[in-house]
Amino acid sequence: MYRYSIYTLLVTTSIVAVFVAIANRSRLKDRLPETWNLVEITDAALRDGETAIASDVLVWQIKEDCRPRRVESCIMWLHLADQIKPKWRISHLGRTPLERRNQWENYIVWDGPYIYYRDFDHPPSSAEILSFVSATCWTWE
């Protein structure tokens, strides 16, 4: 039979919890660019009066050309608070941080058919997310 004191168990549990927290923090810290703020991105994806219960960036990219013009964009998943029925949204957002107007906004293309967000009455499946991404101007570069 093993004999451990409560103190030994608590110390061991605390050490494991600290290592897990450090590992998660470093993993999350590297997930988005340092200058990106998830709250700002989420707010840009909401319509008037909407509130997000949860949100996450599914994929992001940064493109820069020789002008120089830098475009940061992402595909975001949101679970919206709705008093009538639950609602989820997939949204394509972007910003140009080197220009005067540099806040996050819907990534809208004016010269062709384009969808910059799609709402669902259920959590979107992988196939629905991929269908949405293919309907936007997202490129896998």
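Buried means under 20% relative accessible area, exposed means over 50%, and partly exposed is anything in between (1.4 Å probe, protein chains only). Keep in mind that this is a predicted model, where local features need pLDDT of at least 70, side-chain atom pairs count only at pLDDT 80 or more, and totals for chains, interfaces and linings use all residues. Residues are numbered from 1 along each chain as its sequence is written, and side-chain values use heavy atoms, with hydrogens and water left out.

**Exercise 1. Get your bearings**

Task: work out how many helices and strands the protein chain has, and in what pattern they follow one another.

Solution:
- Start with the counting rule: helices (H or I, at least four residues) and strands (E, at least two) are DSSP runs, numbered from the N terminus.
- By that rule the protein chain has three helices and five strands.
- Walk along the sequence and the pattern reads α-α-β-β-β-β-β-α.
- On burial, 28% of the 141 residues in the protein chain are buried.
- For contacts (heavy atoms within 4.5 Å), take those with a separation of 6 or more: residues 24 or more positions apart account for 55% of them.

**Exercise 2. Follow Arg89**

Task: find where Arg89 sits, decide whether Arg89 is buried or exposed, and list polar partners of its side chain.

Solution:
- Arg89 is in strand E3, residues 87-95.
- Its relative accessibility is 1%, so Arg89 counts as buried.
- Next come polar contacts, meaning pairs of N or O atoms within 3.5 Å; within protein, one must be able to donate a hydrogen and the other to accept it, and residues adjacent in sequence count only if both atoms are side-chain atoms.
- A polar atom of the Arg89 side chain lies 3.0 Å from the backbone oxygen of Ala45.
- The side chain of Asp119 is another partner, at 2.6 Å.
- Setting aside residues up to four places away in sequence, Arg89 also touches others, including Met76, Trp77 and Tyr117.

**Exercise 3. Build the charge network**

Task: trace the salt bridges of Glu50 with Lys87 and Arg89, then say which residues end up in one network.

Solution:
- Side chains of opposite charge can pair when their charged atoms come close.
- The cut-off for a salt bridge is a side-chain nitrogen of Lys or Arg within 4 Å of a carboxyl oxygen of Asp or Glu.
- The structure holds ten of them.
- Take Lys87 and Glu50 to begin with: their side chains meet at 3.4 Å, N to O.
- Lys87 is in strand E3 and Glu50 in the loop between helix H2 (38-45) and strand E1 (51-64), so this pair ties together parts that are 37 residues apart in sequence.
- Check the surroundings: Lys87 is partly exposed at 22% relative accessibility, whereas Glu50 is buried at 18%.
- Now take Arg89 and Glu50, which form a salt bridge at 2.7 Å, N to O.
- That pair links distant parts of the chain, with Arg89 in E3 and Glu50 in the loop between H2 and E1, 39 residues apart.
- Both Arg89 and Glu50 are buried.
- Put it together: salt bridges with shared partners join Glu50, Lys87, Arg89 and Asp119 into one network.

**Exercise 4. Visit the loop between E1 and E2**

Task: find which residues the cis peptide bond joins, and describe the Glu64 salt bridge with Arg70.

Solution:
- The cis peptide bond joins Arg67 and Pro68, with omega about -5°.
- For background, most peptide bonds are trans.
- Pro68 is in the loop between E1 and strand E2 (70-81).
- Glu64 pairs with Arg70 in a salt bridge, the closest N and O atoms being 3.5 Å apart.
- Arg70 has 25% relative accessibility, so Arg70 counts as partly exposed.

**Exercise 5. Two spots that fold back**

Task: say how far apart Ile90 and Phe132 are, in sequence and in space, then do likewise for Tyr114 and Ser134.

Solution:
- Ile90 is in strand E3, and its relative accessible area of 0% makes Ile90 buried.
- Ile90 and Phe132 are 42 residues apart in sequence and 7.6 Å apart in space, C-alpha to C-alpha.
- Beyond neighbours within four places in sequence, Ile90 is in contact with several residues, among them Leu58, Ile75, Pro124 and Phe132.
- Tyr114 is in the loop between strand E4 (105-106) and strand E5 (117-120), and is buried at 16%.
- Tyr114 and Ser134 are 20 residues apart in sequence and 9.9 Å apart in space, C-alpha to C-alpha.
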